[in-house]
Amino acid sequence: MSATALPFTRPPHALLLEPIVRRALEEDLGRAGDITSELTVPPETQAKAKLVARKSGTIAGLIAAQAAFHLVDTALHFEVQSPDGATVQAGTVLALIEGPARSLLSGERVALNFAGHLSGVATATRALVDAAAGTKARIVCTRKTTPGLRLLEKYAVRCGGGFNHRFGLDDAVLIKDNHLVAAGGIGPAIERVRAGLGHMAKIELEVDTLAQLEEALSLRVDAILLDNMAPDMLRQAAALTKGRATLEASGNVTLATVRAIAQSGVDYISAGSITHSAPNLDLALDF
């Protein structure tokens, strides 16, 4: 099997991936390199290892693990067995790695850190996606990401079957409550945005009452974020909107609540927990 991820995951370009992985390796290798491996393992020693899932879950981050081993030593051969985006059972072999033992040991921890964390994000996303199955609602991430890892965490969300919200402050307008206070209300905020926004960017407005929703609809914004509304109010909002704007539900999204939220008729459900609170998926590298 090739080392590429499944097509629908849209892995980030190597030019964007490599600097992230390189920084992690520089942090781990420090000033003197892997002194333990260099002092205990003869330089000519070769080794074979397998990357294994100790628990079931959805995989993401093998592209980062592969990049880590390649940056440590191009002589290391990394063969993917279960690619990013695959849902696997405990004991599944995800990849086989072969080459100089010292290099394999030096790249091990960084590779596992990336693959374990990102697989955790993908697994948490998949759980919400499965819970909302059969409705039109899509699960999306937020900007509540680990500093420096947003590119990869949003990739992991895609591996879990979710979709990405905006990547940063520059790719869409999202007017939130503090913006409204500072701008003097919904009307002035929308007016200023439309005066300076290019035609390719969308406008989303956060509301927390049905009265605000009606005002937003009258101003014909592209999307409306329904903040911390209970399912009953979300259903009222969907009925009031009648498809005139894209509706996104946000706040108190858990495995226990997501089904009811999805059944309310909203188009998207955003959940910060899938990136900021996803537990690490337990992976191991065994010689």
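**Exercise 1. Find the bridge partner of Val52 in β5, then work outwards to the sheet around it.**

Start with the pair itself: in this predicted model, Val52 is bridged to Val93 of β5.

Next, widen the view to the two strands. β1 and β5 run antiparallel and are joined by 7 bridges.

Now turn to β12. Strand β1, residues 46-53, is linked to β12 by 4 bridges, and these two strands are also antiparallel. Two positions help you trace this pairing by eye: Ala53 has Leu283 as its bridge partner in β12, and Leu51 stands opposite Leu285 of β12.

Finally, put the strands in order. They belong to an open sheet of 4 strands, β3-β5-β1-β12, with antiparallel pairing. Why is one side of β3 and of β12 left without a neighbour in the sheet? β3 (77-80) and β12 (283-286) stand at the edges and each has a single partner strand, so one side of each stays unpaired in the sheet. From one strand to the next, the twist averages 15 degrees.

**Exercise 2. Work out which strands helices α3 and α4 touch as they pack on this sheet.**

Take α3 first. This helix, residues 62-72, packs on the sheet and touches β1, β3, β5 (93-100) and β12. Its direction makes about 165 degrees with that of β3.

Then follow α4, which touches β1, β5 and β12. Here the angle of about 165 degrees is taken against β12.

**Exercise 3. Describe the order and pairing of the sheet of 6 strands.**

Begin with the order: this open sheet runs β6-β11-β10-β9-β8-β7, with parallel pairing. At its edges you will find β6 and β7, each pairing on one side only. Neighbouring strands are turned against each other by 25 degrees on average, direction ignored.

Zoom in on one pair. β8 and β9 (residues 223-227) run parallel, joined by 4 bridges. Within this pairing, Glu204 has Ala223 as its bridge partner in β9.

Last, add a helix: α9, residues 231-241, packs on the sheet and touches β9 and β10. The direction of α9 makes about 170 degrees with that of β10.

**Exercise 4. Identify the residues of the largest nonpolar core that touch the most other members.**

The core has 86 residues, and the ones to look for are Leu51, Phe114, Ile175, Ile224, Leu226 and Ile269. Which helix gives the most to this core? That is α4, residues 101-131, with 13 residues.

Follow Ile224 a little further. Leaving aside residues up to four places away in sequence, its contacts include Leu205, Val207, Leu213, Leu217 and Leu247. Polar names appear among them too, including Glu204, Thr246 and Glu248. As general background, nonpolar side chains in soluble globular proteins tend to be buried together.

**Exercise 5. Locate the largest pocket and say which strands line it.**

First, its volume is about 600 Å³. Of the 26 lining residues, Val140, Asn164, His165, Arg166 and Tyr268 are the closest to the centre.

Then sort the strands. At least two lining residues come from each of β6 (138-140), β7 (173-175), β8 (203-207) and β10 (246-250). Which strand gives the most? β10 does, with 3 residues.

Technical notes:
Residues are numbered from 1 along each chain as its sequence is written. This is a predicted model: local features need pLDDT of at least 70, side-chain atom pairs count only at pLDDT 80 or more; totals for chains, interfaces and linings use all residues. Side-chain values use heavy atoms; hydrogens and water are left out. A nonpolar core is a set of buried Ala, Val, Leu, Ile, Met, Phe, Trp, Tyr and Cys residues joined through side-chain atoms within 4.5 Å. Buried means under 20% relative accessible area, exposed over 50%, partly exposed in between (1.4 Å probe, protein chains only). Contact means heavy atoms within 4.5 Å. Two strands pair if DSSP finds at least two bridges between them. Axes are lines fitted to C-alpha atoms, for helices over the stretch in contact, and angles run from 0 to 180 degrees between N-to-C directions. On a 1 Å grid over the protein atoms alone, a cavity is a set of points where a 1.4 Å probe fits but cannot get out, and a pocket is an open set with protein on both sides within 12 Å along at least five of seven lines; lining residues have an atom within 4 Å of a point. Grid points are joined across faces, edges and corners, and a volume is the space filled by probe spheres set on the points.
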